[in-house]
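Hi everyone, thanks for coming. Today I'd like to walk you through the inside of one protein, so let's put it on the screen.

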Amino acid sequence: MNIQQLQQGLEQAFFQENHRIVFWYDPEQSFTEVLADISLAEVTTLNMSAESSLAVKLRLELEDSAGKYLLYFPYAEPVAQDDWLLDIKLYARCFHADRISILFNDLGLHRQSLRAHLAKREKFLSSKERLAGLKRFVSPDMDEAALDLAMIAVVTAAESADIASVLFTLGAELTDKQRGLEENPASMDALEKYALVPSLVEALQAEVGYPATPEELKGEEPFKLGQCLLRLLATGFCESISEVPDWARSLVISSADARATARTLLSRWRDSSRYYGAYDVIADWVATALNLEQRIQNLPMDTLVNVATFRQAELRIIADLAEHIPEAQPADLKHFQRVISERLDGYWASRHKDDPLRRKFRRVYTALTAAIELFELRYAYHSGFHFSSAEALYKAYESELYRFDSAYRHYWAASHSAQVELLRPLDTEIEQCYANWFMGQLTRNWGELLETEDKLAHWQISGVPNQHNFYQHWVRSQFDKAPKRRLVVIISDAFRYEAAVELRERINKKRYSEATLASQLGVLPSYTTLGMASLLPHQTLEYREDSGDDVFVDGKSSKGTEARNKILSAYSGMAVQAETVQRWTRDEGREALKNQQLVYVYHNVVDARGDSVSTELETFNAVEHAIEELTELTRKIMMALNTSTVLITADHGFLFQHSQLEAADRTSLAEKPNNTLKSKKRYVIGHNMPTTGAAWCGSSRNTAGTQSDTHFWIPKGANRFHFVGGARFVHGGAMPQEIVVPVLTVQQLRGDKAERRTKRKVSVISPKPSLKMVNNIQSFDLMQTEQVSEQVLPVTIAVGIYEGEVLVSSEETVTFDSASTEVSHLIKKVRLSLSGTDFDRKKEYFLLLRDKDLGTEIARYRVVIDLAITDDFF
């Protein structure tokens with residue numbers, strides 16, 4: 001040992017630990033010669049070989065009771081009965097200069113009993129690197145068990161010196177090498193080398209009740225990490241189902257305290273952003289070892305609803321939901337929705353983890369949620385549709401019936417993306433509900449009304465503008481309010497009404513804008529050429545002989561962007577493709593629009609993919625893509641291109657069913673009419689066409705305001721004329737999905753209007769101001785104070801019990817997103833488990849609610865922890 005180490009050790013004793021008197025015994029007299037070289041400010045050094053013990057005692061206690069003294073004894077420490085300075089030594093500090101003592105001092109330890117323990121760990125302490133790592137974890141008042149755990153943390157490269165971090169790190173090492181449960185990770189060999197395995201076993205026994213054998217505790221029997229993990233996860237599973245099956249009795253930790261701690265440890269593991277991936281692998285290994293998939297095959301969903309331990313339980317819940325949703329009663333469907341909400345807050349489908357497995361589970365639950373909505377709607381209209389007029393049915397579609405189409409779309413988009421076999425039986429039921437029941441009922445009622453009211457000859461709905469009056473009704477009214485404003489009209493091909501509802505919701509989530517949704521009665525036939533022409537400013541629309549199905553607007557062709565640009569130029573306007581606008585920089589866009597008052601932006605995502613046999617199954621994904629693009633496109637136009645008002649509409653909607661159509665879905669035409677301009681699956685259009693009883697017949701003069709008396713046939717209901725080139729995605733007919741054309745008016749908000757739209761998250765409280773915990777695992781009620789709306793957003797909170805800044809329980813996640821006003825729908829239960837047993841009813845503990853996304857505190861409530869005596873699990 002060099003003089004610098006001695007100097008540092010003594011300085012620590014005097015100035016860091018603040019001792020006035022330090023005793024230094026040196027029986028080998030190894031440091032007598034260097035004593036004079038040690039310089040300690042304000043410290044008097046006395047070589048006791050030349051001093052009287054009685055004189056020194058009087059000096060220290062009477063003559064100089066405040067001075068600092070180093071008493072150096074070049075001999076061994078005397079026994080207590082012969083020690084004249086024993087009473088002073090009891091409040092002084094003893095300094096030792098041997099290697100173990102220097103390590104003791106260097107680590108800043110206080111318990112003298114640790115000197116002998118450090119001597120046993122000399123092999124570990126022989127490395128400067130390990131010693132430096134140990135210093136990160138050491139605290140002065142550590143005992144032998146805590147010091148060993150700190151050494152274990154160093155060997156395993158754990159983040160902190162606690163048993164949870166050590167287990168997480170060992171688990172990650174186990175999975176990195178794909179060793180399985182049968183082999184130990186390499187770090188266990190190092191722990192064996194440094195004789196630390198028994199200490200690890202003791203820590204597991206103390207912390208989580210691991211039932212170690214005497215041989216394991218002595219190091220005489222090898223410790224298997226895999227067996228320990230298996231018991232922990234089996235315990236976590238059985239605790240969650242509130243019983244111990246016969247097959248698990250030999251595995252489950254029986255102590256209630258240890259069981260709660262194990263649950264907390266597993267919860268912490270799953271919540272770790274660094275180690276949860278290893279948990280996934282180990283949980284699957286354990287599930288395989290337990291043959292869990294077979295063991296839970298017949299367990300009902302409600303038994304498994306609290307289980308987060310195994311992915312197989314999640315799959316079992318999904319299978320149960322998929323099986324029972326189609327035939328469930330409304331109350332059961334509400335219960336299923338609550339289960340799904342809890343699963344989305346849980347581990348395997350967590351909204352706060354983004355990996356392929358979680359994304360797949362979330363998509364599955366999105367599909368199940370959509371299925372629940374679809375079957376709830378069916379129950380709401382269990383007797384079918386019996387509207388008394390076309391107007392009533394049209395407006396019912398605007399207000400609610402569109403939700404059938406929306407739920408169907410959401411189901412298939414999520415199901416198709418998830419590609420999970422568990423949903424296949426539900427796929428069939430969804431098709432039966434939508435394609436057969438809903439479309440059948442809608443077709444019957446709507447078809448009867450169209451024929452009874454001779455609607456194709458009087459193509460109007462009271463209070464609903466016709467599509468061919470779009471410019472007069474929607475555009476001119478904006479210019480009447482502000483003649484000098486610029487107006488942008490986005491026309492998205494085949495963007496139907498139910499998708500526009502979702503687009504409105506997306507836009508209204510933003511603070512800078514507000515969207516309102518209305519509809520217009522689409523032209524017939526509801527196809528692109530006629531729909532696009534009808535949206536342009538015009539005095540006349542007409543078809544011409546020898547010009548195909550081109551629709552002339554005030555005598556000019558309207559086919560293509562260039563033709564439409566020429567028409568709009570007469571109105572200080574221009575036509576442009578959405579892709580062009582998306583590519584513009586801010587400066588390029590402002591320059592392009594500088595002299596333009598009316599801008600038509602043409603967007604084509606849905607029709608581009610739906611109207612092709614090779615991609616028609618991607619229709620619903622295309623709708624989602626369109627909603628995303630339109631949200632961003634609108635934001636860019638308003639925020640970057642100096643435009644305060646945007647109208648979003650479509651040329652037509654569409655029909656889509658996922659399953660293959662059958663012969664019954666086809667309207668057979670004995671012969672095609674002469675003078676046909678265009679023949680598609682949902683319409684035939686031409687000049688001087690005769691009428692037929694096989695189809696609905698009409699004139700575009702009545703249904704689109706054309707100058708020409710051009711005739712068309714469309715199949716009755718949702719039928720197709722033929723299936724060539726794909727038949728799932730179609731448009732052109734008169735079903736509500738095709739002709740209830742959305743019109744979104746989006747206004748930019750500034751100043752006070754924007755401030756009034758400032759959104760906030762819903763508040764959450766405990767209904768009880770004071771809380772008490774009498775069991776190691778207990779549920780608490782939490783309640784949102786208001787319903788969620790456009791201005792009041794859902795909140796996801798993390799809930800746990802804290803002592804000061806230390807989490808002493810599991811931390812659970814729960815989302816409050818209810819739009820209901822019923823109190824029972826606003827309350828959710830949070831189940832927490834305590835970690836350890838050292839709880840005092842007189843200490844202050846708090847139930848802390850934190851915003852999961854922001855990490856900020858929402859509320860805290862004092863909790864009295866007064867644990868009752870608990871029985872073993874079995």
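When I say that two residues touch, or are in contact, I mean that they have heavy atoms within 4.5 Å. Please keep in mind that this is a predicted model.

With that in hand, take Leu 134. Leaving aside residues up to four places away in sequence, Leu 134 touches Leu 107, Phe 124, Leu 125, Leu 147, Ala 150, Met 151 and Val 154. Leu 134 belongs to the largest nonpolar core, which has 228 residues, and is listed there with Leu 200, Phe 223, Leu 368, Val 475 and Tyr 600 as having the most contacts inside that core. Helix α21, residues 390-418, gives this core its largest share, 15 residues. Another core lies apart from it, with 25 residues, including Phe 780 and Ile 801.

Now for the enclosed spaces. How many cavities of 30 Å³ or more are there? The count is two. The largest has a volume of about 60 Å³, and helix α21 turns up again, supplying three residues, the largest share of its lining. That lining has five nonpolar and three polar residues, with no charged ones; Trp 412, His 416 and Asn 621 are among them. The second largest cavity, about 30 Å³, has a lining of eight nonpolar residues, including Trp 584 and Ile 637.

Finally, an open space: the second largest pocket holds about 910 Å³. It is lined by 34 residues, and those closest to its centre are Asp 162, Ile 163, Glu 207, Arg 268 and Ser 835. By class, the lining divides into 14 nonpolar, ten polar and ten charged residues.

Thanks, and I'm happy to chat!

Conventions. Residues are numbered from 1 along each chain as its sequence is written. This is a predicted model: local features need pLDDT of at least 70, side-chain atom pairs count only at pLDDT 80 or more; totals for chains, interfaces and linings use all residues. Side-chain values use heavy atoms; hydrogens and water are left out. On a 1 Å grid over the protein atoms alone, a cavity is a set of points where a 1.4 Å probe fits but cannot get out, and a pocket is an open set with protein on both sides within 12 Å along at least five of seven lines; lining residues have an atom within 4 Å of a point. Grid points are joined across faces, edges and corners, and a volume is the space filled by probe spheres set on the points. Ala, Val, Leu, Ile, Met, Phe, Trp, Tyr, Cys and Pro count as nonpolar, Asp, Glu, Lys and Arg as charged, and the others, Gly among them, as polar. A nonpolar core is a set of buried Ala, Val, Leu, Ile, Met, Phe, Trp, Tyr and Cys residues joined through side-chain atoms within 4.5 Å. Buried means under 20% relative accessible area, exposed over 50%, partly exposed in between (1.4 Å probe, protein chains only). Helices (H or I, at least four residues) and strands (E, at least two) are DSSP runs, numbered from the N terminus.
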